[in-house]
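These are my notebook entries from a session with one structure. I looked up a few residues in turn and wrote down what I found.

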Amino acid sequence: MFENKRWFVGPQSDFIYGEDGKLLVDFVGKFEDLQNGFNSVCENIGIPPTELPHVNESQNKDIDPNSNLKATIKNFLRAYKQKSQPDFRNWREYYDNESIDCVSQLYKNDIKLFEYDFQR
């Protein structure tokens, strides 16, 4: 299913670990801790840290967990017309057991190597 698009949806560990399992980069940062990671890189290369701008910030407001795709699209379009941020559910609410199993298998190495927890 994903063979010809693996570069797009494939595990990140495929890009930064060699076939021998050795890490090929000096530093691995996480988006959810972007500022601290950026500060570490600045320190390592000898430049003063700079606060990164935060644009297009998600409001991460919870909406009715029973809402369906149609309601989500209506919410998005309403926010677009009002030039505001749409209200989206927490990302975990979009996964059912089947999709959790699929994503957990595809990103098994990433989840382990980068110490993520893909549990409900």
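Entry 1. I began with the contacts of Asp110 in this predicted model. Leaving out residues up to four places away in sequence, I found that Asp110 touches Pro11, Gln12, Ser13, Glu115 and Tyr116. I then located Asp110 in helix 6, which covers residues 108-113.

Entry 2. Is Asp110 buried or exposed? Its relative accessibility is 7%, and the limit for buried is under 20%, so I recorded Asp110 as buried. I also looked up its polar partner: the side chain of Asp110 reaches the backbone nitrogen of Gln12 at 2.7 Å.

Entry 3. I turned to Glu115, one of the residues that Asp110 touches. Glu115 lies in the segment after helix 6. Its relative accessibility is 69%, and exposed begins over 50%; therefore I entered Glu115 as exposed. I noted that phi of Glu115 is near 55°, a positive value in a residue other than glycine.

Entry 4. Tyr116 is also among the contacts of Asp110. What sits over the ring of Tyr116? I found the charged end of Lys30 there, 4.4 Å from the ring centre. I searched for aromatic pairs as well, and the structure holds zero of them.

Entry 5. Last, I looked up Lys22, which is placed in the loop between helix 2 (13-16) and helix 3 (34-45). I listed Lys22 as exposed because its relative accessible area is 57%. Not counting residues up to four places away in sequence, Lys22 touches Ile16 and Tyr17.

Conventions. Residues numbered from 1 in each chain as written. Predicted model: local features only at pLDDT ≥ 70, side-chain atom pairs only at ≥ 80, totals over all residues. Heavy atoms only, no water. Phe/Tyr/Trp six-rings, centres within 6.5 Å; stacked < 30°, edge-to-face > 60°. Lys NZ or Arg CZ within 6 Å of the ring centre and 35° of its normal. Helix = DSSP H or I, 4+ residues; strand = E, 2+ residues; numbered from the N terminus. Buried < 20%, exposed > 50% of the residue type's maximum accessible area, 1.4 Å probe, protein only. Polar contact = N/O pair within 3.5 Å; in protein donor to acceptor, adjacent residues only side chain to side chain. Contact = heavy atoms within 4.5 Å.
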